Amino acid sequence: MSLINKTVPEFKVNAFHSGNIEEVTNESIKGKWSVFVFYPADFTFVCPTELSDLADNYEEFVKAGCEVYSVSCDTEFVHKAWAEASPSIAKIKYPMLADPAGILARAFDVMIEGKGQALRGSFVVDPDGVIKAYEINDTPIGRDAGELLRKVQAAQFVTKYGDQVCPAKWKPGKETLKPGLDLVGKI
């Protein structure tokens, strides 16, 4: 069953963020665009490359009015230890959500039951807490923060301009399409 246009369920988790532990809830994500980036575990191999890529692109997400939340089934204390041990993780400015009970991983349907880990799921959530785009990869397949940012920007565009759609590889400022009979068979 698709998660598109489903509302993020109620949740309350701790996060490691800017050297502190803070609480993040479904209410705290409302009013702004968000991305939830699930990954299998701290202190692993592909995960720091992805989170570092997100960190390198974080200011672009902020410019787009979007908060980034990384999520694993580790605790906030493990996130802290990882940030202290890894230069790639130390540069992260976005909240790292702790989901040791797997509540968020199950709600977003990325939990690997029996392993206590999440698949690599990326979710674009609108300011009302509604999922507008997502992608789920198996654990060995890393993602690209630039493509995730493009999906956020496309979701923002079609939300603002409901009569237009974004074609493949669309980026802000590029041409969009206005669906209609005049386009049928012409593209």
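Which residues in helix 1 are buried? In this predicted model, the buried positions of helix 1 are Cys-47, Pro-48, Glu-50, Leu-51, Ser-52, Leu-54, Ala-55, Asn-57, Tyr-58 and Phe-61. One of these residues, Asn-57, also marks the centre of a kink of about 55° in the helix. The end-to-end length of helix 1 nevertheless agrees with expectation, because its 18 residues should span 26 Å at 1.5 Å a residue and its end C-alpha atoms are 26 Å apart. Just after the helix, Gly-65 adopts a positive phi of about 75°.

Tyr-58, which is among the buried residues of helix 1, also takes part in an aromatic contact. A search of the whole structure finds 12 aromatic pairs, and two of them are described here in turn. In the pair formed by Tyr-39 and Trp-82, the ring centres are 6.0 Å apart and the planes are inclined at 35°, an arrangement classed as tilted. This pair links distant parts of the chain, since Tyr-39 belongs to the loop between strand 3 (33-38) and helix 1 (46-63), whereas Trp-82 belongs to helix 2 (residues 76-85), 43 residues apart. Both partners fall below the 20% cut-off for burial: Tyr-39 is buried because its relative accessible area is 0%, and Trp-82 is buried because its relative accessible area is 3%.

Tyr-58 and Tyr-94 form another tilted pair, with a centre-to-centre distance of 5.8 Å and an angle of 50° between the planes. Tyr-58 is located in helix 1 and Tyr-94 in the loop between helix 3 (87-90) and strand 5 (96-98), and the pair therefore ties together parts that are 36 residues apart in sequence. Tyr-58 counts as buried because its relative accessibility is 9%, and Tyr-94 counts as buried because its relative accessibility is 1%.

Aromatic residues are also found grouped together, with Phe-11, Phe-36, Phe-38, Tyr-69, Phe-108, Phe-123 and Tyr-134 forming one aromatic cluster.

Turning to the strands, strand 1 (residues 12-17) and strand 2 (residues 20-25) are paired in the antiparallel sense over 6 bridges. Within this pairing, Val-13 stands opposite Val-24, the latter being a residue of strand 2. The two strands, strand 1 and strand 2, form a hairpin with 2 residues between them, and in the turn Ser-18 has a positive phi of about 50°.

Note on methods:
Residues numbered from 1 in each chain as written. Predicted model: local features only at pLDDT ≥ 70, side-chain atom pairs only at ≥ 80, totals over all residues. Heavy atoms only, no water. Pairing = 2+ DSSP bridges. Helix = DSSP H or I, 4+ residues; strand = E, 2+ residues; numbered from the N terminus. Phe/Tyr/Trp six-rings, centres within 6.5 Å; stacked < 30°, edge-to-face > 60°. Buried < 20%, exposed > 50% of the residue type's maximum accessible area, 1.4 Å probe, protein only. Expected span 1.5 Å × (residues − 1). Bend = angle between axes of the 7 residues up to and from the residue.
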